[in-house]
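This report walks through one protein model. Topics follow in turn: burial, cysteines, cores and the main pocket.

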Amino acid sequence: MEASQLTYLCCYNGFQHRSSSHIFAAPSGWLTLNIDGSVSTISSHGSAGGLIRDSEGSWLTGFNRHLGITTPLQAELWAIHEGLLLAWSIGFERLQCQTDCAEAYNFITSSNANSSSLTLVRAISRLASRAWMMDFCLICRVANEAADSISKIPTYFGGSTFIFSDALFEIIFCLLRDIPFVDSIS
């Protein structure tokens, strides 16, 4: 199936929407957190990364964290956790977190996420329940290229999260390609 033919179900405040493979821009007044986890098939070393955009699709900030040996699910959950921590620390009040990992999405949107057997799912649930408006959204992989690219940037900061205030050269092409195709959810 060609990327232009892909559609994905997105849940937003209880409503379901269909969208093309383009990025989703959050509604006016909201920010978008695109996250992704990455694990090397050779070394099993993983990293988590993501970026926060405004409702026009423009870069605000990004992050990357080297995780060591991990699984793809754990890398994705770490990316969600670190992205939410970053957004909270900056003081963003309305955030839509977008992931392309159905398994992670199902864990974090489960009605029993706050009592999950997975520590990261419980931590994400606690972050999501803080005093802000936030939502999770499942998007298709081709709509998450910028987050995928930032998650694969090699960083070795001993488990620390590295924050990027400016868009990185490695992902500028993804950002520029996405901007004209932003699909707003309303």
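## Burial and the cysteines

A residue counts as buried when its relative accessible area is under 20%, and as exposed when that area is over 50%. The model is predicted. Cys101 has a relative accessible area of 17%. Because that value falls under 20%, Cys101 is buried. Cys140 is also buried, with a relative accessible area of 4%.

A disulfide needs two cysteine sulfur atoms within 2.5 Å. The count of disulfides comes to zero. For Cys140, the nearest cysteine sulfur belongs to Cys137 and is 9.9 Å away. Cys140 is therefore in no disulfide.

## A buried asparagine

Where does Asn144 lie? Asn144 sits in the loop between E8 and helix H4 (145-151). Asn144 has 1% relative accessibility, so it counts as buried.

Leaving aside neighbours within four places in sequence, the contacts of Asn144 are Asn34, Ile35, Asp36, Asp100 and Ile139.

## Nonpolar cores

The largest nonpolar core holds 31 residues. Those with the most contacts inside it are Leu33, Leu77, Ile80, Leu84, Leu95, Cys97 and Phe136. Both strands and helices feed this core. At least two residues each come from the strands E4, E5 (45-53), E6 (59-69), E7 (94-99) and E8 (133-138). The helices H1, H2 (102-108) and H3 (119-128) likewise supply at least two each.

Which element gives the most to this core? H1 does, with eight residues. A second core is separate and has ten residues. Among them are Ala146, Ile153, Phe164 and Leu168.

## The largest pocket

The largest pocket encloses about 260 Å³ of space. Its lining is made up of 14 residues. Closest to the pocket centre are Asp36, Gly37, Pro72, Glu76 and Arg141. Two elements give two or more residues to the lining: strand E4 (31-39) and helix H1 (72-90). E4 provides the largest share, four residues.

What is the make-up of the lining by class? Six residues are nonpolar, six are charged and two are polar.

## Shared elements

Some names recur across these sections. E4 and H1 each supply at least two residues of the largest core, and both also give two or more residues to the pocket lining. Asp36 is one of the residues closest to the pocket centre, and Asp36 is also in contact with the buried Asn144.

Key:
Residues are numbered from 1 along each chain as its sequence is written. This is a predicted model: local features need pLDDT of at least 70, side-chain atom pairs count only at pLDDT 80 or more; totals for chains, interfaces and linings use all residues. Side-chain values use heavy atoms; hydrogens and water are left out. On a 1 Å grid over the protein atoms alone, a cavity is a set of points where a 1.4 Å probe fits but cannot get out, and a pocket is an open set with protein on both sides within 12 Å along at least five of seven lines; lining residues have an atom within 4 Å of a point. Grid points are joined across faces, edges and corners, and a volume is the space filled by probe spheres set on the points. Ala, Val, Leu, Ile, Met, Phe, Trp, Tyr, Cys and Pro count as nonpolar, Asp, Glu, Lys and Arg as charged, and the others, Gly among them, as polar. A nonpolar core is a set of buried Ala, Val, Leu, Ile, Met, Phe, Trp, Tyr and Cys residues joined through side-chain atoms within 4.5 Å. Buried means under 20% relative accessible area, exposed over 50%, partly exposed in between (1.4 Å probe, protein chains only). Contact means heavy atoms within 4.5 Å.
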